[in-house]
Amino acid sequence: MNKFQNKYRIPTARAQWHGYDGGIYFVTICTAERLHLFGEITDSQMLLSDVGRIAYDNFANVTVHYSYAEIPLFTIMPNHIHAIVIINGNGDNGRDAINRVSTTSTVPTVISRNPMIFKSLGTVIRGVKARISHAAHQNRISFAWQSRFHDRIIRNQEELNRIAEYIENNVAKWDKDEMNICNNNNR
């Protein structure tokens, strides 16, 4: 494992050939230890907790803070969130983002990749996670995220349709979901 400033450094899970400054992504973000912090599913309905409502508001209004980002579809589960995220970091409309995904690197220079200002998927997810954590702590709600997040670059319309169907049916299929590992621990 590599070290930076004499500390171990975990390599990135992101695709090295893609800049993440434009495209459509399927994102999954989990709570720490996959605890059921966002609410519970009862009778195939997701009943949001206080922090679940905070998460919902942040995902529904992502464009308020990130004009280059759009989340047209998401679902909040007891211990994770699935979302389709569109990033328009290059100044185009993003609707043709599927057609722009390529295997050639278009990563900008290191100077313009400041994580606080770079218009990218990581910037959006990091900011949303921070806003939800901050609001939870302001309201004295015990809450923590699993570090990192999982993403998949959506490459075509067929894949986008399949992922959208998965997201829309996720609550109804919770009993069979592999993320439902804490089902009996939090009741």
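This briefing covers one helix, α5, and two loop residues with positive phi. The model is predicted. Helix α5 spans residues 157-169, and its buried residues lie on the same side of the helix. The two loop residues are Glu33, between β3 and β4, and Arg148, between α4 and β8.

**Helix α5: length and N-terminal end**

- Helix α5 has 13 residues, and the distance from its first C-alpha to its last is 18 Å, close to the 18 Å expected at 1.5 Å a residue.
- The N-terminal end of α5 is capped by Asn156, with a side-chain oxygen 3.2 Å from the backbone nitrogen of Glu158.

**Helix α5: buried and exposed residues**

- Glu159, Leu160, Ile163, Ala164 and Ile167 are the buried residues of α5.
- These residues are on the same side of α5 because they cover an arc of only 135 degrees around the axis.
- Glu158 and Glu168 are exposed on the other side of α5.

**Glu33**

- Glu33 is in the loop between β3 (23-30) and β4 (39-42).
- Phi of Glu33 is near 55 degrees, which is positive although the residue is not glycine.
- Glu33 counts as exposed because its relative accessibility is 69%, and the cut-off for exposed is over 50%.

**Arg148**

- Arg148 is placed in the loop between α4 (121-138) and β8 (150-153).
- Arg148 is not a glycine, yet its phi is positive, at about 70 degrees.
- The relative accessible area of Arg148 is 37%, so this residue is partly exposed.

Key: Residues are numbered from 1 along each chain as its sequence is written. This is a predicted model: local features need pLDDT of at least 70, side-chain atom pairs count only at pLDDT 80 or more; totals for chains, interfaces and linings use all residues. Side-chain values use heavy atoms; hydrogens and water are left out. Helices (H or I, at least four residues) and strands (E, at least two) are DSSP runs, numbered from the N terminus. The expected span of a helix is 1.5 Å times one less than its number of residues. Buried means under 20% relative accessible area, exposed over 50%, partly exposed in between (1.4 Å probe, protein chains only). The arc is that of the directions from the helix axis to the C-beta atoms. A polar contact is a pair of N or O atoms within 3.5 Å; within protein, one must be able to donate a hydrogen and the other to accept it, and residues adjacent in sequence count only if both atoms are side-chain atoms.
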